[in-house]
Amino acid sequence: MNLIIADFHDDFCTIRREMVAKKIFERDSGFYKIRSSTL
């Protein structure tokens, strides 16, 4: 995920955290996945 975001923005950590906070992605045991409720 970090590599994909880094292609578009240098601050991939903040972007990733915000996507989790906005409930676009969820994190489980170090893995990220798209939340099923956003599809």
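The following legends describe close-up views of a predicted model of a single protein chain.

**Figure 1. Overall arrangement of the protein chain.** The protein chain contains two helices and two strands, and from the N terminus on these elements follow the order α-α-β-β. Along its principal axes, the C-alpha trace extends over about 30 × 20 × 15 Å. Of the 39 residues in the protein chain, 10% are buried. The exposed area of the protein chain amounts to about 3400 Å², and carbon and sulfur atoms account for 56% of that area. The protein chain carries 7 positive and 6 negative side chains, with 8 Å between the centres of the two sets.

**Figure 2. Confidence of the prediction along the protein chain.** The mean pLDDT of the protein chain is 90, and 95% of the residues reach at least 70. Among the elements, helix H2, comprising residues 12-21, has the highest mean pLDDT, at 95. The lowest mean among the elements belongs to S2, at 91.

**Figure 3. The span annotated in UniProt.** An unreviewed UniProt entry lists residues 2-32 as "domain: DUF2087". Within residues 2-32, helix makes up 48% and strand 19%. The C-alpha atoms at the two ends of this span are 10 Å apart.

**Figure 4. Arg16 in helix H2.** Arg16 is located in helix H2. Is this residue, Arg16, buried or exposed? Arg16 counts as buried because its relative accessible area is 13%, which falls under the 20% limit for a buried residue. Asn2 is 14 residues from Arg16 along the chain, and the C-alpha atoms of the two residues are separated by 7.6 Å. For Asp28, 12 residues from Arg16 along the chain, the corresponding C-alpha separation is 14 Å.

**Figure 5. Lys23 in the loop between H2 and S1.** The loop that links H2 to S1 includes Lys23. The phi angle of Lys23 is positive, at about 65 degrees, although the residue is not a glycine. Most residues other than glycine have a negative phi.

**Figure 6. The hairpin of strands S1 and S2.** Strand S1 covers residues 25-28 and strand S2 residues 31-34; the two run antiparallel and are joined by four bridges. Together S1 and S2 form a hairpin, with two residues between the strands. Which residue of S2 is the bridge partner of Arg27? The partner of Arg27 is Tyr32. Glu26, in turn, stands opposite Lys33 in S2.

**Figure 7. Asp28 and Ser29 at the turn of the hairpin.** Asp28 belongs to strand S1, whereas Ser29 is found in the loop between S1 and S2. Asp28 counts as exposed because its relative accessibility is 53%, and Ser29 also counts as exposed, with a value of 65%. Both classifications follow from the cut-off of over 50% for an exposed residue. Ser29 has a positive phi of about 55 degrees although it is not a glycine.

**Figure 8. Lys33 in strand S2.** Lys33 lies in strand S2, where Glu26 stands opposite it. With a relative accessibility of 48%, Lys33 counts as partly exposed. Lys33 is therefore not placed in the exposed class, which requires a value over 50%. Ile15 is 18 residues from Lys33 along the chain, and 15 Å separate the C-alpha atoms of Lys33 and Ile15.

Technical notes: Residues are numbered from 1 along each chain as its sequence is written. This is a predicted model: local features need pLDDT of at least 70, side-chain atom pairs count only at pLDDT 80 or more; totals for chains, interfaces and linings use all residues. Side-chain values use heavy atoms; hydrogens and water are left out. Two strands pair if DSSP finds at least two bridges between them. UniProt positions are given in the numbering used here, feature names are shortened, and annotations may be inferred rather than shown by experiment. pLDDT is the predictor's confidence in each residue, from 0 to 100. Buried means under 20% relative accessible area, exposed over 50%, partly exposed in between (1.4 Å probe, protein chains only). Accessible areas come from the Shrake-Rupley method with a 1.4 Å probe; for residues, only the protein chains shown count as cover. Lys and Arg count as positive and Asp and Glu as negative; His and the chain ends are not counted. The place of a charge is taken as NZ of Lys, CZ of Arg, CG of Asp or CD of Glu.
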